[in-house]
Amino acid sequence: MPAVPEFLTPPPVEPGDQVAVVAPASNAPESARFIYELGLERMREVFDLDPVEYPTATADPEWLADNPEARAEEVMNAFRDPDISAVIANIGGHDQITMLPYLDGDVLREYPTRFYGYSDNTNLALFLWNHGIISYYGGSTLLEYAMDGEMFDYTKEYLRRALFEDSVGEWTEADVFTDESGNWEDPESVKTTREIEHSDGRIWRGGEETVSGRIWGGCYAVLVEQFLTDRYLPAPKALNGTVLALETSELIPDPAVVGANLRALGERGLLERFDGMLVGRACARSHAEENPRDWRAEYRERQRDTIADILETYNPNAPVVFNCEFGHTYPTCPIPIGGEVEIEPATKSIRFP
């Protein structure tokens, strides 16, 4: 991989602008169309956006899986369209890495556009990172916009900043959170708020010196894929002085496995390259796995301890902040992948300049 070019932040969105709604990863089934429609409604009514539905936005998930080239072409078409101010992914998935060979980084660089997506969209975010384009980890149609009951005020505040401002600015903690899955089989479910828990706040470990750097990372499962594939990673030296963002998704991986993979990166000499680490609050239940509250709290603690121990071994001077509001628990802040962040342990503050 050649050297990463100078980073640029795509222009902010303006109220009333057209935004492309796409599915570059996967999609919800047709039976959950009501969730998608709610997401579009919130774009219009809460944010004064004009969503433009691209063909993949309503495509069948199986068709999407069989057509990675079409997904890539649509992303490039959306970036090229001068009337489109942002590109919003519906949801994550499991195979976006198969789309990457069909992307033309020169096209994306020539027409920089704000991209919003998380989970499997880590693949696209890191592809954009390699070409010096800042994107936003969060703000998906079917998740943040279509949150049951109503959108979190916290999500609305930070999504507005990520859409309409040059910088997200000061990143404060949320008072509450949920990792309960939505019920996409019952249209009435969107009227009921998910189970909300009081947040125990961010937890700070590791180094105590203020650090700053560009964010690299995203979904843990996708990062494992990226390191195994080893086709789209930046040169190791390009990671020097960056800040690793990591969240473990609804797959609820065993903390010991997470630790083993991070240990392997440490043995490769990669963990020492990061000046700091932001860890999203661990999601501890899913559509497939419902766990009691005590178990969920204990799981999060085990994961925190495991990650902190690995960093203590391979990069003890790097501050690591747990329970950050990005990833598969809500509310969220769309953090800028490739954007700069400042972590200040003394005041327990995080800022995006």
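**Pockets, sheet and buried residues of a predicted model**

Student: Ile252 is found in the loop between S11 and H9. What is the phi of Ile252?

Tutor: This is a predicted model, in which local features need pLDDT of at least 70, side-chain atom pairs count only at pLDDT 80 or more, and totals for chains, interfaces and linings use all residues. Residues are numbered from 1 along each chain as its sequence is written, and side-chain values use heavy atoms, with hydrogens and water left out. The names S11 and H9 denote a strand and a helix (DSSP runs numbered from the N terminus: helices are H or I with at least four residues, strands are E with at least two). Ile252 is not a glycine, yet its phi is positive, at about 50°.

Student: Why does Ile252 count as buried?

Tutor: A residue is buried if its relative accessible area is under 20%, exposed if it is over 50%, and partly exposed in between (1.4 Å probe, protein chains only). Ile252 is therefore buried, since its relative accessible area is 10%.

Student: Which residue in the loop between S4 and helix H5 has a positive phi?

Tutor: The loop in question joins S4 to helix H5 (122–130). The residue there has a phi of about 60° although it is not a glycine. With 8% relative accessibility it counts as buried, and its name is Ser119.

Student: How much space lies in the largest pocket?

Tutor: On a 1 Å grid over the protein atoms alone, a pocket is an open set of points with protein on both sides within 12 Å along at least five of seven lines, whereas a cavity is a set where a 1.4 Å probe fits but cannot get out; lining residues have an atom within 4 Å of a point. Grid points are joined across faces, edges and corners, and a volume is the space filled by probe spheres set on the points. For the largest pocket, this space is about 650 Å³.

Student: Which helix gives the most to the lining of the largest pocket?

Tutor: The lining has 30 residues, and the closest to the pocket centre are Ile91, Tyr118, Ser119, Glu250 and His328. By class there are eleven nonpolar, twelve polar and seven charged residues (Ala, Val, Leu, Ile, Met, Phe, Trp, Tyr, Cys and Pro count as nonpolar, Asp, Glu, Lys and Arg as charged, and the others, Gly among them, as polar). The most, three residues, comes from the helix at residues 220–229, H8.

Student: Which element gives the largest share of the lining of the second largest pocket?

Tutor: The second largest pocket, with a volume of about 230 Å³, is lined by 14 residues, of which Leu223, Val224, Phe227, Asn261 and Leu265 lie nearest its centre. Two or more lining residues come from each of H8, strand S11 (242–247) and helix H9 (255–267). The lining divides into twelve nonpolar residues, one polar and one charged. Its largest share, five residues, comes from H8.

Student: Which strands form the edges of the six-stranded sheet?

Tutor: The sheet is open, with mixed pairing and the order S2-S1-S3-S4-S5-S14. Two strands pair if DSSP finds at least two bridges between them. The edge strands, each pairing on one side only, are strand S2 (50–53) and strand S14 (335–337).

Student: In which sense do S5 and S14 pair?

Tutor: Strands of a sheet pair through backbone hydrogen bonds, either parallel or antiparallel. S1 and S2 pair in the parallel sense over four bridges, with Val21 opposite Glu53 in S2. By contrast, Ser135 has Ile337 in S14 as its bridge partner, and the three bridges between S5 (residues 135–137) and S14 are antiparallel.

Student: What angle does helix H1 make with S2?

Tutor: Axes are lines fitted to C-alpha atoms, for helices over the stretch in contact, and angles run from 0 to 180 degrees between N-to-C directions. Helix H1 (residues 33–47) lies across strand S1 (18–22), S2 and strand S3 (84–89). Its angle to S2 is about 145°.

Student: What is the relative accessible area of Arg281?

Tutor: Arg281 lies in the loop between strand S12 (274–280) and helix H10 (293–314). Beyond its neighbours within four places in sequence, its contacts (heavy atoms within 4.5 Å) include Asp200, Arg300 and Phe326. Arg281 is buried, with a relative accessible area of 5%.

Student: Which residue is joined to Tyr330 by a cis peptide bond?

Tutor: The omega of this bond is about 10°. The partner lies in the loop between strand S13 (319–324) and S14. The residue joined to Tyr330 is Pro331.
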